[in-house]
Amino acid sequence: MTGTRPGRTAATKQKLFDAALRLVGERGAAGVTVDEIAAEAGVAKGTVYYNFASKDALVDALLRHGVDLLAARLKVAEEEDETAAAMASLVDGMLGFFAEYPAFGQLLVSELWRTPGQWHDTLSLLRDDIVSIVRGQMQRLSDAGRLPDGVQVGTASAALFGTLLVTALDWQVFQPERSLADVRESVLNLVRGLRPA
């Protein structure tokens, strides 16, 4: 009996994550209540508090969980030997993640650039985690002489992160008929244009 408890707890947490992600992605973290999360997950309100100390702790854990998943996909680019293949892997990883978890993209956009709010500190740290992975690939481009003169690696990294995030959301919301391959190629064509004249 005790052997099934961890599996059940993990499944319950995943249900809560999924429910919170759907609601928070639609309305923002501040606009969602524990009652709504519990109802969406099909569990009792006490289950939320059993697994997480509060709604804030659930949202914080949700943000960390989502960024960990995204980071794992982006780190695949580090295994590529060639810079062009690494950049394609990075773009694939981010666009594919947001295609699979569009509500997480909405959450990032709504909370990341909001006037500093409740999750700003957590999101700032998590954003830095992702941008540092992107920065590693931009540094490779810079080392290979593929960035135009005067373009700093840090600025290019933040720009690519923002471009991918907003492009993924624009695709999901306004152009869902486009394929992942089409969106990917458009972004890669833009990135390929970032080379010295």
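This is a short walk through one protein chain, from its overall build down to a single histidine.

Okay, hi everyone. One thing up front: what you're looking at is a predicted model, so please keep that in mind as we go.

Let's start with the whole chain. What is it built from, helices or strands? There are 9 helices and 0 strands. If you read the elements off from the N terminus, you just get alpha nine times over, α-α-α-α-α-α-α-α-α. The chain has 197 residues, and 40% of them are buried. Picture a box along the principal axes, roughly 60 × 40 × 35 Å, and you've got the space that the C-alpha atoms fill.

And the outside? The accessible surface comes to about 10,000 Å², with 54% of that belonging to carbon and sulfur atoms. As for contacts, take the pairs of residues at least 6 apart in sequence: 68% of those contacts join residues at least 24 apart.

Next, what the record has to say. UniProt, in an unreviewed entry, puts a "domain: HTH tetR-type" at residues 10–70. In the model, that span is 80% helix and 0% strand, and its end C-alpha atoms lie 20 Å apart. The unreviewed entry also lists a "DNA-binding region" at residues 33–52. For residues 33–52, the numbers are 75% helix, 0% strand, and 14 Å between the end C-alpha atoms.

Now for the empty spaces, starting with the largest pocket. Its volume is about 180 Å³. Which residues sit closest to its centre? Out of 15 lining residues, those are Phe 17, Asp 18, Leu 21, Leu 62 and Tyr 101. Four helices give two or more residues each to this lining: H1 (5–27), H4 (55–74), H5 (83–100) and H6 (102–112). H1 gives the most, with 5 residues. And the mix in the pocket lining is 9 nonpolar, 3 polar and 3 charged.

Then there's the enclosed space. How many cavities of 30 Å³ or more do we get? The count is 1, and the largest cavity holds about 40 Å³. Around it you'll find Val 67, Leu 108, Leu 112, Leu 123, Leu 126, Arg 127, Ile 130 and Phe 161. By class, that's 7 nonpolar residues, no polar ones and 1 charged. H6 turns up again here: H6 and helix H7 (120–143) each supply at least two residues of the cavity lining. H7 gives the most this time, with 4 residues.

Last stop, one residue: His 65, which you'll find in helix H4. So is it buried, exposed or somewhere in between? His 65 has a relative accessible area of 28%. Buried would need under 20%, and exposed would need over 50%, so His 65 counts as partly exposed.

Who does His 65 touch? Setting aside neighbours within four places in sequence, His 65 is in contact with Gln 14 and Phe 17. You've met Phe 17 already, as one of the residues closest to the centre of the largest pocket. For a sense of distance, take Ala 20: it is 45 residues from His 65 along the chain, and their C-alpha atoms are separated by 12 Å.

So, to recap: a predicted model with 9 helices and 0 strands, a largest pocket of about 180 Å³, and a largest cavity of about 40 Å³. That's it from me, thanks!

Note on methods: Residues are numbered from 1 along each chain as its sequence is written. This is a predicted model: local features need pLDDT of at least 70, side-chain atom pairs count only at pLDDT 80 or more; totals for chains, interfaces and linings use all residues. Side-chain values use heavy atoms; hydrogens and water are left out. On a 1 Å grid over the protein atoms alone, a cavity is a set of points where a 1.4 Å probe fits but cannot get out, and a pocket is an open set with protein on both sides within 12 Å along at least five of seven lines; lining residues have an atom within 4 Å of a point. Grid points are joined across faces, edges and corners, and a volume is the space filled by probe spheres set on the points. Ala, Val, Leu, Ile, Met, Phe, Trp, Tyr, Cys and Pro count as nonpolar, Asp, Glu, Lys and Arg as charged, and the others, Gly among them, as polar. UniProt positions are given in the numbering used here, feature names are shortened, and annotations may be inferred rather than shown by experiment. Buried means under 20% relative accessible area, exposed over 50%, partly exposed in between (1.4 Å probe, protein chains only). Contact means heavy atoms within 4.5 Å. Accessible areas come from the Shrake-Rupley method with a 1.4 Å probe; for residues, only the protein chains shown count as cover.
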